[in-house]
Amino acid sequence: METLLNYSLEEIENLIAKQNEPKFRAEQIYNGLYLGKSFNEITTISQNLKIYLQQNFTSQPLSIIDTKISKDGTIKFIFKLLDNNVIESVLMKYEYGYSICVSSQVGCNMRCKFCASGLDGLVRNLSSGEILAQIILANKFLDGKLGEKRKITNIVIMGSGEPLDNYDNVTKFLKLVSHPKGFNISERNISLSTCGLVDKIYKLADDGFKVTLTISLHATNDQTRKSFMPIARRYTIKDILSACEYYYLKTKRRVVFEYTLIKDVNDSLNEGNIIKNLFKRYNMSYHFNIIVLNENSGISGLKSTGREFARKFVNNLNKNGISATVRRTMGQDIEGACGMLRKRFLENESDYRNDEE
Ligand code: SAH
């Protein structure tokens, strides 16, 4: 059965109208669901309506099966889906509020060498409601409400999965989560991270989305990129940069490039100069986020350059006039860090298996 969280408020209103129920009931159901309630817990609706909903939809498609709290306050949620698959989200506290890193798929098809999410390949796409439910449950955990009273202020779609490989559900999710009567999280506070599915970047721009586009670039030449990212065989770096320029010109949103440093692979201090020369052909504002490789996430044997070197690398970029910073690492002690999602589950799968199975 489908979750009603896949439906927008307007779509719920249409459903309700067909049941000859007054329109305002839709908003009661919607508010209840967004606060993490089941149909049963929404006490304002009639018994008949409840039965109709229960027979046709599920309410909450996720349940929290575990939380891990890091020394730095980062919280990792482990959620079970109704089909017993398991996904994770990571909640990080910043001065301005909470940012949540959500998953868009169970597993991933991209198979980047350093990343844990794709070790098992793609299991399935998450529906828009299943992506949204990660925010609903984290917000409830923090005792947040809706609108101005929500606790979560920022979203990064950077957990397990390749969001543009699940385009329809991810973009529906963007509409749901930015709806003024729900969480009302503006697209400017949402980052979408992709390994660079070029045709979908053009589509995202043409469909009018304005999220912060974040590209997992990790290399400035195709040969190096191909050595650890299979997707580089399909799209060249130039294809990606042209698509980013198009996105920038449509949205005027600065594009962020992620660059995970891998020892002796992409860590030359010439990169500042190379990036400067490569990017000057493109008309866009951009920023580089330099990531320290998390060695423990894959089976790759790729080595980290360490944090000290990452700072040097950033200095070199800055000297070349490139805006760049080292990405903060949060939640490492709870395996909430980059590329770690799903690993613990794969290793300890039996911990999360349903007893009834
Ligand atoms: N598929 C999307 C989003 C998921 S990965 C993408 O490719 O962007 C989110 C970010 O974490 C990407 O930049 C990815 O390259 C990075 N990442 C994955 N594994 C990592 C690891 N072991 N160490 C550091 N960064 C990693």
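Reader: Why is glutamate 130 called buried or exposed, whichever applies?
Author: In this predicted model, glutamate 130 has a relative accessibility of 9%. Buried means under 20%, so glutamate 130 counts as buried.

Reader: What makes glutamate 130 and arginine 124 a salt bridge?
Author: Their closest N and O atoms are 3.0 Å apart. The cut-off is a Lys or Arg side-chain nitrogen within 4 Å of a carboxyl oxygen of Asp or Glu, so the pair qualifies. Salt bridges that share partners also join Asp83, Arg124 and Glu130 into one network.

Reader: And how do you know which class arginine 124 falls in?
Author: Arginine 124 sits at 23% relative accessibility. Partly exposed runs between the 20% and 50% limits, so arginine 124 counts as partly exposed.

Reader: What makes aspartate 207 and lysine 203 a salt bridge?
Author: Here the N to O value is 3.2 Å. Set that against the 4 Å limit and the pair passes. Aspartate 207 is partly exposed at 39% relative accessibility, and lysine 203 is partly exposed too, with 34%.

Reader: What does the pair of glutamate 258 and arginine 327 tie together?
Author: Glutamate 258 forms a salt bridge with arginine 327, with the closest N and O atoms 2.5 Å apart. Glutamate 258 lies in strand E10, and arginine 327 in the loop between strand E12 (324–326) and helix H11 (343–347), so the salt bridge ties together parts that are 69 residues apart in sequence. Glutamate 258 is buried at 3% relative accessibility, and arginine 327 is buried at 16%. The structure holds 11 salt bridges.

Reader: How many disulfides are there, and how do you know that cysteine 112 is in none?
Author: The structure holds 0 disulfides. For cysteine 112, the nearest cysteine sulfur is that of cysteine 195, 5.5 Å away. A disulfide needs the two sulfur atoms within 2.5 Å, so cysteine 112 is in no disulfide. Cysteine 112 is buried, with a relative accessible area of 16%; cysteine 101 is buried as well, with 10%.

Reader: How do you know that the span of helix H8 agrees with what it should be?
Author: Helix H8 (residues 237–251) has 15 residues and should span 21 Å at 1.5 Å a residue. Its end C-alpha atoms are 21 Å apart, so the span agrees. Just after H8, lysine 252 takes a positive phi of about 60°.

Reader: Which parts do the buried residues of H8 pack against?
Author: The buried residues, among them Ile237, Leu241, Cys244 and Tyr248, pack against helices H6, H7 and H9 and strands E9 and E10.

Reader: Why is aspartate 239, also in H8, given its exposure class?
Author: Aspartate 239 has a relative accessible area of 32%. That falls between 20% and 50%, so aspartate 239 is partly exposed.

Reader: What about threonine 224 in helix H7: buried or exposed?
Author: Buried, with a relative accessible area of 17%. Threonine 224 touches Ala219, Val265 and Asn266, not counting residues up to four places away in sequence.

Reader: Why is isoleucine 69 given its exposure class?
Author: Isoleucine 69, in strand E1, has a relative accessible area of 57%. Exposed means over 50%, so isoleucine 69 is exposed. With Ile64 and Phe141, Ile69 forms a nonpolar patch on the surface, with about 270 Å² of accessible area together.

Definitions and conventions: Residues are numbered from 1 along each chain as its sequence is written. This is a predicted model: local features need pLDDT of at least 70, side-chain atom pairs count only at pLDDT 80 or more; totals for chains, interfaces and linings use all residues. Side-chain values use heavy atoms; hydrogens and water are left out. Buried means under 20% relative accessible area, exposed over 50%, partly exposed in between (1.4 Å probe, protein chains only). Helices (H or I, at least four residues) and strands (E, at least two) are DSSP runs, numbered from the N terminus. The expected span of a helix is 1.5 Å times one less than its number of residues. Contact means heavy atoms within 4.5 Å. Patches are made of residues with over 30% relative accessible area and no salt bridge: like charges are joined within 9 Å, nonpolar side chains (Val, Leu, Ile, Met, Phe, Trp, Tyr) within 5 Å. Accessible areas come from the Shrake-Rupley method with a 1.4 Å probe; for residues, only the protein chains shown count as cover.
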